[in-house]
Structures are given as structure tokens and as C-alpha cells.
Amino acid sequence: MNRIRPLRPSRDRALTFALIGATIVAGAVGTMALAAIVLWLLTPRGAIYPQSLLSRLSADYRPWRAADRPQLPPIAPDAIRQIEQDAVIETIGDWSIVPPVYEQPPVEAPGAALALPTATATASITPAASPSRVTHSPSAVATPVPSVTAVATAVQVALPSVIPPTAAPSAVPSPVPTQPPAPTSALRPTAPSPTVMALATPTRYPTAPPVILTPIPPSPTPPASPTFAPPPTTPTPTPAPATATPTPASTATATPPATAIPTATAMPTLTYTPTPSPTPAATHTVTATPTPTATHTPTPSPTPTHTPTATATSSATVTPTHTPTPSPTPTATTTPSPTPTATPVPQFIVNDHGDAPDANLADNVCQTTGGVCTLRAAIQQANARPGADDIWFNLPGAGPHIITVSAPLPAITEAVVIDGWTQPGWASAPLIEVRGLPTMGNGLTITSGSSTIRGLAINRFTQHGVLITGGGGNTIQGNYLGVALDGITSAPNFSSGISIENSSGNIIGGATPGARNVLSGNAVNGIRIWGASSTGNRIIGNYIGVAADGITPRGNSDDGIDLQDSTNTEVGGTDATEANVIAHNGDEGVTLKPGATSARILGNRIFANGGLAIDLNNDGPTPNDDALLTGFANQGMDAPVISVAWLSGSSLTVTGYIGTTPGQTLFSGARVEIFLSQGVAGARGEGRVLLGVLTAAANGTFDGTFTVSEVSAGDVVSGTATGAYTSEFGANIVVTP
């Protein structure tokens, strides 16, 4: 009889444990593989990864604790702050951005005055006529020309230069510092430059920082220097006009010979015709010609005396010999030639695409260990060197020129002009791109004030393209922020294109095409201005939400312009060249957050945005209430109500009032801008085309007729009203024939 032999207990236990262990290992490996595959499928690659993943992890709207924060690259707090404020979920491509909770930025005390340090020259200076400023040379300043004595004195106190000489100095009567060649740009337009300003009372149009002329010490390993202009001319003293001085009557003798010594510098041509008579004439006949040429003809005296005397007006003694004597009457005159003036030169010229730091911050020379000047090294030297500085560009090759930043660039702590317009070949659009990586912070950070950034494309930074905090009076113009060098391709910064935080008197853009910024394609706002100390900032002539062609949509994900707690901001202006184009942005065109936020918004084209063209208090349409309310954005200014829009041929007649009914004297004198709008009748309007401007009467009513070409019967029109501040757009009304 067969029997089943039982396993031994020890073997049974071993097999059981082995089976359990294998099951656990297989389950763990399978789970990890499945999780890796799912994560790989759901997570985007490239620049979106950090913000997308962290946004998903922060979807509970709670800030992370230090203990459980994922070990990932940092995400811009300002970007998360902005998105949480608006309480929306933005999308970039196929991925969502969900904001966590954060605190407001610190508010700095207003009123701190900032001024540029200036250098005092101890030499006496002789002013000279300043030639016309070169049109396309950035920051050109006419400089007085020192005399020979003043130059010799100035050498003793001049500051050291930071650019090695490129040519031997010219010989002059006394030691004179020479200037290196200054690069110029053939097509470079003239643009306004910033002025040192106090925070409390900013100036609208700043001027360029002073230029310090300094001697140039030799450098053992000079960096490459561009040869944009011929070597500078050494200033020379201008000789004073020479004048022949008449001499009192001289006594002529019969025997001692004398030699005439002319004192005129102009060296006139003299013609002398002697006569046989040995006796000097009592009078002289002098004839002056324009060359000048003098003819001297002595005449015999009919009654000579024992001691004859002759009255001469020349500086030489007249004798009866045949020695020529210069004409006593003509005055030699010299025409002074224009005295050359010193051309301002940059302290630092970037000639390398790399990102290496400066080798020696104490030598005032932008030079890495490799002997070149990078943008990073130039900013480091500008911060280390006292006074205002210029950073120009002479990058080799035809371009495009890409400077990839591997770590945050130093904050700009001293006044500086970073001028991309100086790159050879620049015409009207940037040729240099400053590109960040996914782990980067801001592109450029300005804390000093009175600085200028122009002619650069700044993109792909995880925070703002340009951050201005603290010091005011800065100028940002002619840049692409959020698009590539072609002006079309999106290359977003992952927060705002420009962010101004507690800084006053800054100018974004300008009234010329070359000064226009393109602020489009960014992950949050085109421009953000926050903080109670942010007063008197101007935004003029920019494209915000469209490409460099002014047409192609490249909207910012949130607002075109976002204002919070800032006051007296100017968006656009009464001149047509100051108008901004604000279109195709994901939310409002211009948002004024609740509080004392205030702005005048004039002449702009604001249309095709996801929200309102102008939104006071960030809460949707604000109804008219016949009042101005302190503590509300723009004091809750009432919008205009158009009651009649009648088209006859090319004449459009518009009639209406401001407030809830006609007769509101509170709005007397308000500026009413009438726009061709879009949308349906009764909906809040937008500003596609500015048709005309009216002024409200004493009772708040307005009416007028414009000649138009863009309007047809059936179109809709709308408008804004601006007193101290600007209203939202009023409701659309249909144009009737």
C-alpha cells in the first residue's frame, strides 16, 4: 500500500518563506516599474518639468513644510504668488500650473533718493563748441575740451581706465591722456537715457549718466577691442588770432641797418618795390590786398632834414636799405579749426559668448582667466568699479549670438548701461540672446537704479526676464522678453517678462520703434508692477501679447499688465507714438488689483484678451455709481455711456454721458476716448482702433463728430473716461447709418 510521505517540517517552512519572499520582490519591482512608466508618460520634458510637477504636488493649496518638500529645482515664488492671487489654473501647452499659498512681497519705505556718484575734475577746462551728437552712438555726450595747461593738470588726478590702449598716443606739448576708439553703430537710433531720480519725485525722461574721461594704463594681456571708429584725435590748443601791433613813431637814421621781424603768425606775402633814392620818405603809401599783399613804395622827400624821421605803423624799424618791411596796416587773422572733443568710451566690451567670471575684480579690467570679456565678467566689474559704467558688445561672427547663462547673473548694484545696440550689425532688432536654463532665476536683476537695458532678447528663465527692485529711474527698451531673436517664436520666461517691485520712475519702452519692447509669450504676465513704493512708472510704445510684427498672437498666459498697490502708473499716452498694443493675453488686458492702485490708461489698442480690456479691482465689470471712492482701484472711475453712434458717409457722430445719468458734474472735463470695438452690443467694449477724443462738458455729457475710414454701419463702438485716473471700457453700442 502506497503512502504519501509527509515533508519534513524544516523543508516545508523553507519553501513557504521562499515563496513569500519571491512574491514580495516581484510585486515591488513590478510596482516600481509601473510607477516609472506612468510618471514618464505624465511628466513633460524640458523647461516645463519643474513647475508642472510641483504644481501638481501643490494642488491642495497648502505650502509645503521643509520636511516633506520634494528635492526638485526651485520654482519662482512670484509666479506661484501671481497665479494664486488670481485663483486660476493656467496652462502651458498640455500642462497645468496650480499656485500654492504665499506671502506678499515686502514693501520698502518710499522717498529714498538715489543719485549717481560723480567725479570732480581738478583741471581748469576751456569749453569748446560741441559738434552735433552722432545719431547712432549710444549714450553720446559732448565733453568740454581741456586746454594744454588744464590737460597737464588733469593727468595728475585722472582715474584709471579699464580698457587697454589700442593705439599709441599722439605727441602733444604736454602729457595728455588719450582715448581708445569708441565703437559706433551705423544705423543706431538715438534713444532717451535715464536720469538719476529721487523715489518720491521721479522724473519722466531721465538723462544719461556722466562719462568719466580717464587715462588708460597698459595691460599685459589686453582683451580684444572692436575697431568701430578711427583713433581719437589728441586735443590741441587753439591759437589765438594774431594781430600786428602798431608801434609808435620810430626814428630813421642814415647808416645803421635794421632787420624787420614780422610778428604775424599767418605769414602774409609781401611785395617790396624800392626806388633809387637813399632818402627815406616822409610818408608811406601802403596798399593791402586780400591775400594779404602789401606794396611799399618810398617816395623821395623834397626837403630832407639833418635827422629825418619817418612815422611807421609796422613793428619793424624803417631804414633806407632794401630790407623788406611787413605791411603795417593789414592784420593777420587765423581761422580757428574745430577743436576735437573726446568721445565717451565704454568701460567694458563683451567679446565672448561664454559665461566665465572675471579673473580679478580689483583691476578694473573685464577679463576672465581665458583673456576674454563675458557678460558675467562685465557686470561683476561694473559693480566693483565706482560710478556709472557702460557695457558694450563686440561678439565675433555674424550671429545670431547666444549667451547661455549657467547660474544666476550678478544683480546690478551700480548704475550701468548694458547696450545691445552696440553689437556690429544691429539695425532695429536685438542680435544677442541671453538664455536661461530650467534651474535659473531672473534674467537680469536691477537694484541700483539709473540703469538701462536695451537691445537684448531675454528668455527661458524660471522667474522674470528682468526684475527691478528698489532703485528707480531705470530704462528698459528695445528688448524681446518671452520670444526668440526672430521676434516670433515663443521662448517664455516662467513668470513675467518684466517685474517692478517697489521701484519708481522707471520707463518701459519708448516712442520710437527701436525703443519698443516685445513682452509676449511669458508664463504669467507681460509686465507686473507691485508695491506701494512703485510710483510714477511709465509703459509706452510696447507690444504686449503679440509678436514683433505687431500682429501674430503670442499672448502671455495671464494678464498683459498687472498692477497692484502701485500708484500713478502711465500706460500709453496722449501721443499716438506712446500707445501700447495689448492683445491676445489669457486674462485681462490691464488689471488693477484692489486697493489704492491707480493708473492713467490712454490711447492704447487693447483687444482680443481672454478677460476685460481694463478691469478695476480684478472682479469683472464695475457698475457706474456717480462717485469716486478712495481705496478702490482708480477710485472706481465711472465709464462713459454712448447713447448715439450715427454714421453718415465718413462722419461718425457720438453722443453720451459719464455716470448713471446725464448731469454728473463730478466728471466735468474728463477725457473721453472713443474706440472701434468688437463683440456684441451691450457687452463691455475693447479698443481695437482709437477713433477720436472728446471732452466732457460741465454736466458730464459729451458729443462730437469724427472723420473715420475704418467704421461701417453695424460695427460696435465703446469708450473710456479719464479724469485723475481711467475707467473701464463702457458698453458696446451699434453704429447706425
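Helices (H or I, at least four residues) and strands (E, at least two) are taken here as DSSP runs and are numbered from the N terminus. The structure is a predicted model, in which local features need pLDDT of at least 70 and side-chain atom pairs count only at pLDDT 80 or more, whereas totals for chains, interfaces and linings use all residues. Residues are numbered from 1 along each chain as its sequence is written, and side-chain values use heavy atoms, with hydrogens and water left out.

An open sheet of nine strands follows the order S8-S9-S11-S14-S17-S20-S23-S26-S29 with parallel pairing, two strands being paired if DSSP finds at least two bridges between them. Its edges are formed by strand S8 (348–350) and strand S29 (599–602), each of which pairs on one side only. Neighbouring strands of this sheet are turned by 10° against each other on average, direction ignored; the axes are lines fitted to C-alpha atoms, for helices over the stretch in contact, and angles run from 0 to 180 degrees between N-to-C directions. Within the sheet, strand S11 (residues 416–419) runs parallel to strand S14 (residues 452–454) and is joined to it by three bridges, with Ile418 standing opposite Ile453 in S14.

Ile418 also belongs to the largest nonpolar core, which has 54 residues, and is listed with Ile391, Phe393, Leu456, Ile561 and Leu592 as having the most contacts inside it. Helix H5 (residues 375–384) gives the most to this core, with five residues. Another core, of 23 residues, lies apart from it and includes Met637, Ile658, Val711 and Val735. Such a core is a set of buried Ala, Val, Leu, Ile, Met, Phe, Trp, Tyr and Cys residues joined through side-chain atoms within 4.5 Å, where buried means under 20% relative accessible area, exposed over 50% and partly exposed in between (1.4 Å probe, protein chains only).

Ile733, placed in strand S38 (residues 733–734), counts as buried because its relative accessibility is 16%. Contacts (heavy atoms within 4.5 Å) link Ile733 to Ile642, Ser643, Val644, Ala645, Asp715, Val716 and Val717, residues up to four places away in sequence not being counted.

Most residues other than glycine have a negative phi, and most peptide bonds are trans. Asn634, however, has a positive phi of about 55° although it is not a glycine, and Gln635 likewise has a positive phi of about 55°. Asn634 is found in the loop between strand S31 (614–616) and strand S32 (640–648), and Gln635 is also placed between S31 and S32. Asn634 is buried, with a relative accessible area of 2%, whereas Gln635 is partly exposed at 26%.
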